[in-house]
Amino acid sequence: MTWSRRSISSPSHADARLAGVLSAAAGLAAAILVLIVLFLLRESWPVLEKVEWLRYLTDAAWHPSEGLFGLAPMLGATLASSAGALLLAGSLGVASALFCRFYAPSSIARQYRRLLALLAGIPSVVFGFWGLTELVPLIARWQPPGTSLLAAILILTLMILPTVALTADAALAAVPEGYLQGAAALGLSRSGTILGVALPAAKGGIVSGLLLAAGRALGEIMAVLMVAGNVVQTPHGLFDPVRTLTANIALEMAYATGEHRAALFVSGLVLTGLVMLLAGLALRQGGTRSHV
Amino acid sequence: MSEAASLAVSRDRTLDRLMGLAVYASALLVAGTFLWLLGDLLWHGAGRLSWSFLVSVPTNAGRAGGIGPILVSTLLILGVAVAAAVPLGLATAVLLAEFLERRSLFGRFVGLSLDVLAGVPSIVFGLFGNAFFCIFLGLGFSILSGGLTLACMALPILIRTAEASLRAVPDDWRLGCAALGLSRAAALRHVLLPAASSGLMAGLMLGIGRAMAETAALIFTSGYVDRMPSSLLDSGRALSLHIYDLSMNVAGGDANAYASALVLIGLLILINGTSLWLAERWLNQRILTL
């Protein structure tokens, strides 16, 4: 129930004042997003005004101080690392959820879930640090220099895997018991039950979890910054060092001025657009609002 | 059994076996990797952890010494973020849950903008914080700028959890308050907010944990300086940023980076555990008094 003016009339002036104060606070909270968009636009305006939209994709290189604004290699690196991570984390995450629901004894499943929850809380900078000290030397022994697209994909996979696994686990738990009993009554094998009944029934939740994870991967910075090598180039193989959009902002903001700085804000705008698109899709898919 | 049927059964068995194998292998791989990560951090970091590491000043660019000033800066940044985000977040949540109709235009607008805000990447918060707090408001690279930026980041999660826990308070309680002639302000203060406190605290802890793990938004707002901060307008280095700096920019800083990572993870586990414990305690109290 909500206390609207119509349902229960409040005689108190204090309440009217309280509602006023609360509305002002809520207005302020909502204004933050408007402020963010306004300031991104304001800071990127010098370049947005001058440079045609297509040039961000067609310019040959990224030399903002010389008037070249090619974001394409970094956009490619961002998309490649996110797609790779999503592929790996998607399959491993769904398999982990199936393990918890259908294969493991309940005590082991509980411990496994606890481990996943613990990992969901590990900060990205720790993942990046670990990747740099353990994973990168391992890859370097095989294919130097080690800091590469592959390292970025693997670390991103570790980061988004708990999200995928926990949402898929919750979606599988929400499949009505009757479906599974029906499958058992029809004499379906375990793989038949999973592939034919449980996964299709949980599809909505799993896909929305994947979209959320994709948003996190695209926007992730520290982990990728630390292991990807940060060379501006279109990746031609898994072992090439790359630089993502987010890493580019973090690396160059410190000294960028004038149009260079504005160009970095443009890449911030592009990134925000991409991530919001994914969040919108996830909302439509899952229909739930969860920021966890 | 006919031949075709037995063929189908044996195909089913093979598929069953293959899938079981794949699932167990994935689960083992995931658990193994994560245990490797945690074990590695413990193995390299635990030896350096001591009381003096926590309180002493970093020397030689962080290669030696401790993390005292960095812990202080981290706590100050979190303090600023909580002080800014909690009143704003609580007020917005109360308005959304108690005063507005679910379908009211203003409520939907606020809700939508919060949902979008929750999806904004952290580096963009960093850009915004740099342009708005540091330059436009003239706060410079300071603990205040960093804390306010983190407050913006944590706001959506705070508001949504607070709203949900207020909505979970049964309507009977509101009717009871109205029947007793309490004003809404009094009902909120004496009945509804205490009843929702478990959820409020859990949300707060979740927000603090999120803010504490954040690094990217702080690089261009609170800065890198590892001295002991003397005021909120001083630049201060957060713990997560310290780990980043030690591993990327300081050759030979790995040992202290391991120990700092352990401290950060320990603090996060502590915060999450506290939130769970508080939530359960309040839940028990509520059941006892009912």
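Mentor: Let's start with a term: buried area is the accessible area that two parts lose on being put together, summed over both. We will use it on this predicted model.

Trainee: What makes up the area buried between domain 1 of chain B and domain 2 of chain B?

Mentor: About 710 Å² is buried there, and carbon and sulfur atoms give 72% of it. On the side of domain 1, B:Leu41, B:His44 and B:Arg48 lose the most area to domain 2 of chain B, together 73% of what that side buries.

Trainee: Where do these two domains of chain B begin and end?

Mentor: Domain 1 covers 3–48, and domain 2 covers 53–289. Their C-alpha centres lie 37 Å apart.

Trainee: How do you know that domain 1 of chain B and domain 2 of chain B are in contact?

Mentor: Contact means heavy atoms within 4.5 Å. Seven residues of domain 1 of chain B are in contact with nine residues of domain 2 of chain B. By class, that side of domain 1 has three nonpolar, two polar and two charged residues.

Trainee: How many salt bridges and polar contacts does the rule find across this domain interface?

Mentor: For salt bridges the count is zero. For polar contacts, the rule finds two residue pairs, both at pLDDT 80 or more.

Trainee: And what about the two chains: how many residues does each bring to their contact?

Mentor: Chain A gives 81 residues and chain B gives 90. The area buried between the chains is about 7600 Å², with 79% from carbon and sulfur atoms. Between chain A and chain B there are zero salt bridges, alongside eight residue pairs in polar contact.

Trainee: Why is A:Cys100 called buried?

Mentor: Buried means under 20% relative accessible area. A:Cys100 has 6%, so it counts as buried.

Trainee: What makes B:Cys177 count as buried?

Mentor: The reasoning is alike: B:Cys177 counts as buried because its relative accessibility is 4%, and the cut-off is under 20%.

Trainee: How many disulfides does a search of the whole structure find?

Mentor: Zero, over all chains. A pair of cysteine sulfur atoms would have to lie within 2.5 Å to count.

Technical notes. Residues are numbered from 1 along each chain as its sequence is written. Chains are lettered from A and ligands numbered from 1 in the order in which they are written. This is a predicted model: local features need pLDDT of at least 70, side-chain atom pairs count only at pLDDT 80 or more; totals for chains, interfaces and linings use all residues. Side-chain values use heavy atoms; hydrogens and water are left out. Domain bounds come from an automatic or database domain assignment. Buried area is the accessible area (1.4 Å probe) that two parts lose on being put together, summed over both. A salt bridge is a side-chain nitrogen of Lys or Arg within 4 Å of a carboxyl oxygen of Asp or Glu. A polar contact is a pair of N or O atoms within 3.5 Å; within protein, one must be able to donate a hydrogen and the other to accept it, and residues adjacent in sequence count only if both atoms are side-chain atoms. Ala, Val, Leu, Ile, Met, Phe, Trp, Tyr, Cys and Pro count as nonpolar, Asp, Glu, Lys and Arg as charged, and the others, Gly among them, as polar. Buried means under 20% relative accessible area, exposed over 50%, partly exposed in between (1.4 Å probe, protein chains only).
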